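Morning, everyone. Please have the viewer open, and stop me if I go too fast.

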Amino acid sequence: MDQARTTISKIFNGEPRSYTRFSLTQNMEGGDSQVEMKLSPEVEEEVESNGVGEHLNHQPDSYRRKQPPRTPKNICFLVAATLLVVIIGYLIGYLVHRKQDKASPTCDQTAAVSVPMDEERSQPESFAPKQMDWGEVKSMLGDKLTVSRIEASLSEFASMDHRAGSPGDEALANKVLRRFQENNMKTWNDEHYVKLQAPPTSGSNTVTFRGQSLGSIQGYLAYSASGQAEGAVVYAYYGRLEDFDDLKDLSIDLSGKIILVRAGKISFAEKVDNAANMNASGVLIYPDPADYELSDTTQLFGHVHLGSGDPYTPGFPSFNHTQFPPVRSSGLPSIIAQTITPSMAQTMMRTMEGRNSPRSWKDGGLSGVLYKLGDVSDVASVEVNNVLVETQIHNVFGVIKGVTDADRYVVIGAQRDAWGPGFAKSTVGTALLVELAKAISEMIREGRFMPRRSLVFASWTAGEYGNIGATEWLEGYLPSLSMKAYSYISLDGVVTGSDTFKASASPLMNGLISDTLKEVNSVSNPGKTLYAQVTGPSWETSVLEPMKMTNPAYPFIAFSGIPSVSFRFTKSQGSEEYPYFGTLIDTREKLESATFSNLPKVVRAAGQVAGHMALRLVHDHLLRLSVEAYDKIIRGHVIQINNKVNTLQKSGRLPNTFTSKWLISAMGSYGRGARGLIQTIANSDLEDTEQCRILNDRIMRVEANLLSPYVSPTKTPFRHILLGLGPHTFTALVDHLDELKSSVGSGDMDKLLNQFALASWTIQACSNALAGEVWDMNNDI
């Protein structure tokens, strides 16, 4: 501005110091404000020499007396000066406005290189990249994610020995880290000291039946209780709750018994927990030939912690040898558990006596076995001497930063460790992790694709012990992840076949999964998309499976409230899981056979599924998460609960004063909140960055606010009321109502009222968060 004033002074006075100063003075006596115009000394002298002789002020009469004649020359000078001031003011305002534009991001991809429109047109096309449409993004990913690259990575990351914390595991971690660094990604690692249970340092665990040893045992179950147990053997099918109910119906006493069960249907940890609840003294688990195509001598490995993470620091991260009070996870078993081979089970069951198994139980495939339930003379002794070892583990990370919302991200992760070769369990996922990172990095460097949000690639370890690496990271950074991690995509076990596609996910991601299936072609039928080859009444019933606690994505959704998904290509028929998981024969040869020698192509298809979902979440203005999906689920639970309440009231089990209307009201609030958000999105300007961010944050509040705030994460870590575990869940509420129906007394009314209150307020709080700001909330309770 000073330069503009100087220029004007030069034009009219020839000297840069001759300028006019204006100052506003307030009449302190209460009169009108006056404007006083003061002249510089040089101008005052010139005025005096021309006979003016005094300062000019704002009094009208004085101004008219001193006003020079309006000659054409003076008028021309006045017009020119006015135009010059206007032009200079316009230029200054334009420059200031331009600077503000550069500092203000927009929802458009051009925010990274924002320039004025006039200048943008004059720049080369490469200087201001436009946002790529989704078709171009898909095509570019397909070009980068090639079969030859995947083949090379499968060979690079194959390993025969990479148990968690071993030298082989660390070698793979360093390979992953180097690959991330080669892609110019920001990298770091996450160090933890966790307690892992290893087999005996000398000898092995032992099992004897009728006084005879069953032979050498290499397999084991981590986190089993230690010591020796002896008792009569009882065959309990798969060890499910309904199987134990069948035994109770036959009046078979299970107290102090050794329970023999088949692998499959439910996790090892659930089998052992169910047996412990029956007061059994030990559990033996074997793979039956009817369920698994394994040799008679195949050893099984696994864990029996009914939870995830380090069971000796439940709810806390195992950082830097941090001292914790002596505490154990409630999910640690109190009884002995051990795996045995099919041949060992055959030896026991050939001579077992007692009743025949229930008719609803299907016989297995052990040759020469009648599958009797056992007798008091069928005594077995089991000795387990596993050792607890504090182990240093490392998670490895690489990040591709977004442009407009770099502090919001999608996490893609894969387990790195395995009991043996673990080719299907961990090698495929690790290879796919680094190839997706490489492909997307190249898309950014070579193309015009620039993600709005960040992508975090994570290589976890200690997954075989119950998702320890991933869970410890979540425990350590939960407050930071709460509203920043938009989604988690698991690459663990993504290929176990080629014919059928299955997925487990948060309902928020159902629409994203559906859209992705319509974009990726089948390997077994290249002319069709994965969506087109789905059979059944609907794609949801054919594709979606419940997310179990053993799922690698489970702690992300049930513990952290992060929308998550895991998926796999599998066989169209056969057992529900890959038979070689948890064995020492999970090799490439087995997986090649399961995929009909199309392994790299199926892995590429899995990479496209994961890549499309991840890129959609960082490409679009709005997150592809369907808030209305939970409305249907919540409504279904509430209707079921209300029907049970009405039935109990009619039978006199519940007083007529008891009501579920507040839970119904909370359900209605969620539905209105979801519909209101959808309407707000429809009426919003999606080119507005701040508006997009606000809407995305409202979407993100859904999953996080379904974590019950009324239970402790250290005692009840899986706090999700719909997908979690514990007395706070809808499932526990339904079970309590069922208990009231079958009980003789009135039941625990205080407990029931508490469950209803907490469920109602959790849903209502989620509805309020979905509605937006506090002034938009309509609290109907």
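Two strands count as paired here if DSSP finds at least two bridges between them. Keep that in mind for the sheet. And note that this is a predicted model.

Let's take the sheet. It is open, and it has seven strands. The order runs E3-E13-E15-E14-E16-E18-E17. The pairing is mixed. From one strand to the next, the twist averages 20 degrees.

Which strands stand at the edges? They are E3, residues 186-198, and E17, residues 500-505. Each has a single partner strand, so one side of each has no neighbour in the sheet.

Now move inward, to strand E15. This one spans residues 453-460. How many of its residues are buried? Eight of eight, so the strand is mostly covered, with buried meaning under 20% relative accessible area.

Strand E15 pairs with E13 and with E14, so let me take the two in turn. Strand E13, residues 387-400, runs antiparallel to E15, and five bridges join them. To find one of these on screen, go to Val-399; its bridge partner in E15 is Val-456. Strand E14, residues 405-415, is joined to E15 by eight bridges. That pair runs parallel. Here, click on Gly-413, whose bridge partner in E15 is Ala-458. In general, strands of a sheet pair through backbone hydrogen bonds, parallel or antiparallel.

One more pair. Strand E16, residues 485-490, and strand E18, residues 564-570, run parallel. Three bridges hold that pairing. Ile-489 has Val-565 as its bridge partner in E18.

Next, empty space. The structure has four cavities of 30 Å³ or more. The largest has a volume of about 50 Å³. What lines it? Gln-415, Trp-460, Gly-463, Asn-467, Ala-470, Tyr-488, Asp-492, Pro-552 and Phe-556. By class, that lining is five nonpolar, three polar and one charged. There is a link back to the sheet. Gln-415 is in the lining, and strand E14 covers residues 405-415. Trp-460 is in the lining too, and strand E15 covers 453-460. Tyr-488 also lines the cavity, and strand E16 covers 485-490.

On to charges. The structure holds 27 salt bridges. I'll show three of them, plus a network.

Start with Arg-624 and Asp-620. Their side chains meet in a salt bridge, 3.1 Å from N to O. Buried or exposed? Asp-620 is buried, at 10% relative accessible area. Arg-624 is partly exposed, at 30%. Both belong to a network of salt bridges, together with Lys-138, Asp-515, Glu-519 and Arg-616.

Second, Arg-635 and Asp-631. The closest N and O atoms are 3.5 Å apart. Both residues lie in helix H19, residues 629-650. They are four residues apart, about one turn of the helix. Asp-631 is buried, at 13% relative accessible area. Arg-635 is partly exposed, at 31%.

Third, stay with helix H19 but look at Lys-644. Lys-644 forms a salt bridge with Asp-738, at 2.8 Å from N to O. This pair links distant parts of the chain: Lys-644 in helix H19, and Asp-738 in helix H22, residues 730-742. The two are 94 residues apart. Both ends are partly exposed: Asp-738 at 32% relative accessibility, and Lys-644 at 22%.

Last item, backbone angles. Which residues other than glycine have a positive phi? I have two to show. Tyr-223 has phi near 75 degrees. Tyr-223 lies in the loop between strand E6, 221-222, and strand E7, 227-235. Its relative accessible area is 2%, so Tyr-223 counts as buried.

Then Ser-597, with a phi of about 65 degrees. Ser-597 is in the loop between helix H17, 588-594, and helix H18, 599-619. Ser-597 is exposed, with a relative accessible area of 58%. So one of these loop residues is buried, and the other is exposed.

That's my tour. Questions, please.

Conventions: Residues are numbered from 1 along each chain as its sequence is written. This is a predicted model: local features need pLDDT of at least 70, side-chain atom pairs count only at pLDDT 80 or more; totals for chains, interfaces and linings use all residues. Side-chain values use heavy atoms; hydrogens and water are left out. A salt bridge is a side-chain nitrogen of Lys or Arg within 4 Å of a carboxyl oxygen of Asp or Glu. Buried means under 20% relative accessible area, exposed over 50%, partly exposed in between (1.4 Å probe, protein chains only). On a 1 Å grid over the protein atoms alone, a cavity is a set of points where a 1.4 Å probe fits but cannot get out, and a pocket is an open set with protein on both sides within 12 Å along at least five of seven lines; lining residues have an atom within 4 Å of a point. Grid points are joined across faces, edges and corners, and a volume is the space filled by probe spheres set on the points. Ala, Val, Leu, Ile, Met, Phe, Trp, Tyr, Cys and Pro count as nonpolar, Asp, Glu, Lys and Arg as charged, and the others, Gly among them, as polar. Axes are lines fitted to C-alpha atoms, for helices over the stretch in contact, and angles run from 0 to 180 degrees between N-to-C directions.
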